[in-house]
Amino acid sequence: MKHANSTSHLSVKERAKNAVQDEFLRNAVRFTTDRLRNRKQAVTESFGQWEVWRERGEQIRAHTIANLDAYLAQFIERLEAVGVHVHFAVDSSEATDAVLSIIQSKKARKVVKSKSMVSEEIHINQHLEANGITVVETDLGEYIIQLAKETPSHIIIPSIHKSREQIRDLFENAGATQLTTETRDLTAFARRTLRSEFLSAEIGITGCNFGIAETGSVVLFTNEGNADMVMNLPPTHIVLMGMERILPTLADLEVMAHLLPKSATGQNVITYMSMLTGPKRSADRDGATEMHVVILDNGRSRQLGDEQFQAVLHCIRCGACLNVCPVYRHMGGHAYGSVYPGPIGAVLSPLLEKGEQYSDLPYASSLCGACFEACPVRIPLHDMLVQHRQKLVASGHGNPSERMAFKGYENIFAKPGRYRLSIKMARKFLSPLAKEGKIRSSFGPLAGWTKSRDFPMLPKQSFREIWPSLKRE
Ligand code: SF4
């Protein structure tokens, strides 16, 4: 299976350069993220008091993560009390081994899956397929991506970069005949095909949006209802969850049930919120008879107690920070080269993966702070990106020309005389390049900037120069 990391030998800058040349990709990502952003704005405005809800969300997540050991222990105790088998995985290989051994113990050959970012993180499909297991993605977007042998490019909308025509072609390769590009036609084919997969699979794998510590319940949010089939039709259900996905109580879930769908897709409520507390009981009409929960650490516990980065564990994976990020909106998700794209990926990926593989991701940001404004649990992603950069510079990984530029900046801005002189010189130097108050093409370090946007020309008089006459007036 092709993976986003197939371009991991390239720097994020090189991957971005390739991505921005793909006009279809840019338009598709912009169109969908615009729609999600506008819908979110409309729904949060009509809901009212959004900032109060965000603060409540932040408090809940901060309290939970600060006491994660206690809530995790409570969650595991409750899970076991209702007959769930719990597996704790320190890293992705322990998690994939745990899943494989459950499947092999059942002599199962086919798995149906609902969408789960943790499953992408541990590359479970590749691992199972390498061991002769057939894995079928059942979320429509994931199904498309699986047929295309690609990885998701958005946390919530995995196939954001695909057109209807491309999807039709993929479905025709998978056996569809005479399909139109109408949504109804495309979804009908997926529904027909996936129904038989649900019924013939021996194992269902889902993710987990939240684990409720007080009840030992696994909560899933979906719009297609596929996760309900995955968890109920096959006899064995495996849940994959990051260790931070805990909420203390059902009352906390009520807050998240507002924050998550409104932020993710601009929906007032999610279509299906399913809560599962243990496997099928004798009085239940349906459900899996055996349930396993695999709880994954994979670098998360390293962030606990870290003043700078602990708050990254507050994330509820809504994807809202992607939809507002000017960098993501330009280059899409694959250019990040990590499972988690966008601002959350730029912060999280270098933390989860030791070493230098994602060390340039914190530079894939304009630091505009839009991600923080969009985040329903107020994670200061822009501050964390700066902290990542500070750490890199302190460890000697900074860019020497950038270091020189900032040294020059410091020298100029520290002395008013030098600042005034530099403004005058910049105006003189830049004026031959300006037309109608804008610099449309430039050279040197500015050339990249002016390739896709204009640079405003410095005004004829600076504020300092105007101020004395303003004061007299
Ligand atoms: S960082 Fe915030 S906005 Fe981004 S995915 Fe996580 S919760 Fe959503």
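A cavity is a set of grid points where a 1.4 Å probe fits but cannot get out. Rolling a probe the size of a water molecule over the atoms shows where empty space is left. In the predicted model described here, the structure holds four cavities of 30 Å³ or more.

The largest cavity has a volume of about 100 Å³. Its lining is made up of 14 residues. Those nearest the centre of the largest cavity are Cys315, Cys318, Cys321, Cys375 and Ile379. When the lining is divided by class, twelve of its residues are nonpolar, one is polar and one is charged.

The largest cavity is also where the ligand sits. The residues around the ligand include Cys315, Ile316, Arg317, Cys318, Gly319 and Cys321. Ile344 also belongs to these surroundings, as do Cys375, Pro376, Val377, Ile379 and Leu381. By class, this shell has ten nonpolar residues, one polar residue and one charged residue. Arg counts as charged and Gly as polar, so Arg317 is the charged member of the shell and Gly319 the polar one. Cys315, Cys318, Cys321, Cys375 and Ile379, which lie nearest the centre of the largest cavity, are among the residues that surround the ligand.

The second largest cavity encloses about 80 Å³ of space. It is lined by 16 residues, and Cys325, Pro343, Ser365, Cys371 and Leu385 are the closest to its centre. Two or more lining residues come from each of helix H15 (342-352) and helix H16 (370-374). H15 gives the most to this lining, with three residues. The lining of the second largest cavity has twelve nonpolar and four polar residues, and no charged ones. Pro343 lies close to the centre of this cavity and falls within the bounds of H15, while Cys371, also close to the centre, falls within those of H16.

At the level of the whole chain, the domain assignment gives domain 1 (54-301) and domain 2 (400-472). The centres of these two domains, taken over C-alpha atoms, are separated by 51 Å.

Salt bridges were searched for across the whole structure, and 16 were found. One salt bridge joins the side chains of Arg37 and Asp34, at 3.3 Å from N to O. Both Arg37 and Asp34 belong to helix H2 (residues 23-47), where they are three residues apart, about one turn of the helix.

Terms used:
Residues are numbered from 1 along each chain as its sequence is written. This is a predicted model: local features need pLDDT of at least 70, side-chain atom pairs count only at pLDDT 80 or more; totals for chains, interfaces and linings use all residues. Side-chain values use heavy atoms; hydrogens and water are left out. On a 1 Å grid over the protein atoms alone, a cavity is a set of points where a 1.4 Å probe fits but cannot get out, and a pocket is an open set with protein on both sides within 12 Å along at least five of seven lines; lining residues have an atom within 4 Å of a point. Grid points are joined across faces, edges and corners, and a volume is the space filled by probe spheres set on the points. Helices (H or I, at least four residues) and strands (E, at least two) are DSSP runs, numbered from the N terminus. Domain bounds come from an automatic or database domain assignment. A residue is near a molecule or strand if one of its heavy atoms lies within 4 Å of it. A molecule sits in a cavity or pocket if more than half of its atoms lie within 2 Å of its grid points. A salt bridge is a side-chain nitrogen of Lys or Arg within 4 Å of a carboxyl oxygen of Asp or Glu.
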